[in-house]
Amino acid sequence: EVQLVESGGGLVQPGGSLKLSCAASGFTFSDYGMSWVRQAPGKGLEWVSGIKYDGDGTTYADSVKGQFTISRDNAKNTLYLQMNSLKPEDAAVYYCAKDRGTGVGDGFTSWGQGTQVTVSS
């Protein structure tokens, strides 16, 4: 059974940083692209960033480019999202998602339960 467990969310002041983690199990993590998706209160899902199976290719939504960094450690079966210079509009529930194939953008087959990020002074 595929399991994706996010952690690292919390309350941070504007301009602060957080690093999210997603622990994966139940599948060969290194065979699949992975993504982060967020949902702000009252809004739809927004894809944030994706990374290829081998970590050798990353993509970002324009809204977070230069601000967030996605990475993965295939030896630890863990996906990360480093978020810097956080703004109130970055507040959302952040989900990690398993892509359908080795790349990014073919659709998601599994989701985590999400971790809440709150940006407020």
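Strands, in this tour, are DSSP runs of E with at least two residues, numbered from the N terminus, and a loop named below lies between two such strands, as Ala 75 does between β7 and β8. The structure on your screen is a predicted model, in which local features need pLDDT of at least 70 and side-chain atom pairs count only at pLDDT 80 or more, while totals for chains, interfaces and linings use all residues. Residues are numbered from 1 along each chain as its sequence is written, and side-chain values use heavy atoms, with hydrogens and water left out.

**Stop 1: the loop between β7 and β8**

Select Ala 75 to begin, and colour by accessibility if your viewer allows it; the terms used here are buried for under 20% relative accessible area, exposed for over 50%, and partly exposed in between, computed with a 1.4 Å probe on protein chains only. Ala 75 has a relative accessible area of 75% and is therefore exposed. If you draw a distance from its C-alpha atom to that of Gly 114, which is 39 residues away along the chain, you should read 22 Å.

Now move to Asn 77, which sits in the loop between β7 (68-73) and β8 (78-83). Asn 77 is not a glycine, yet its phi is positive, at about 55°. Because its relative accessibility is 29%, Asn 77 counts as partly exposed. The two flanking strands form a hairpin with four residues between them, and Asn 77 belongs to its turn.

**Stop 2: the hairpin strands and their sheet**

Select β7 and β8 together. Strands are said to pair if DSSP finds at least two bridges between them, and here β7 and β8 are antiparallel and share six bridges. One place to look is Asp 73, whose bridge partner in β8 is Thr 78.

Widen the selection to the open sheet of four strands, whose order is β1-β3-β8-β7 and whose pairing is antiparallel. At its edges are β1 (3-7) and β7, each of which pairs on one side only. From one strand to the next the twist averages 15°, where axes are lines fitted to C-alpha atoms and angles run from 0 to 180 degrees between N-to-C directions. On the other side of β8, strand β3 (residues 18-25) is joined to β8 by six bridges, again in the antiparallel sense, and Cys 22 has Leu 79 as its bridge partner in β8. Strand β8 is mostly covered, with five of its six residues buried.

**Stop 3: the disulfide**

Keep Cys 22 selected and add Cys 96, since a disulfide, defined as a pair of cysteine sulfur atoms within 2.5 Å, joins these two with an S to S distance of 2.0 Å. A search of the whole structure finds one disulfide. The link of Cys 22 and Cys 96 is right-handed, with 40° about the S-S bond. Cys 22 lies in β3 and Cys 96 in β9, so the pair ties together parts that are 74 residues apart in sequence. Cys 22 is buried at 0% relative accessibility, and Cys 96 is likewise buried at 0%.

**Stop 4: the nonpolar core**

A nonpolar core is a set of buried Ala, Val, Leu, Ile, Met, Phe, Trp, Tyr and Cys residues joined through side-chain atoms within 4.5 Å. The largest one has 26 residues, and those touching the most other members are Trp 36, Phe 68, Leu 79, Leu 81, Met 83 and Tyr 94. Two or more residues each come from β3, β4 (34-39), β5 (45-51), β7, β8, β9 and β11 (115-119), and the largest share, four residues, is from β3.

Centre the view on Tyr 94 and show its contacts, meaning heavy atoms within 4.5 Å. Apart from neighbours within four places in sequence, its partners include Glu 6, Leu 20, Trp 36, Phe 68, Leu 81, Met 83 and Val 117.

**Stop 5: Ser 49 and Ser 85**

Next select Ser 49, which is found in strand β5 and counts as buried at 0% relative accessibility. A polar atom of its side chain lies 2.8 Å from the backbone oxygen of Thr 59. Beyond its neighbours within four places in sequence, Ser 49 is in contact with residues including Met 34, Trp 36, Tyr 60, Ile 70 and Leu 81.

Finish at Ser 85, in the loop between β8 and β9 (92-99). Ser 85 has a positive phi of about 50° although it is not a glycine, and its relative accessible area of 46% makes it partly exposed.

Definitions and conventions:
A polar contact is a pair of N or O atoms within 3.5 Å; within protein, one must be able to donate a hydrogen and the other to accept it, and residues adjacent in sequence count only if both atoms are side-chain atoms.
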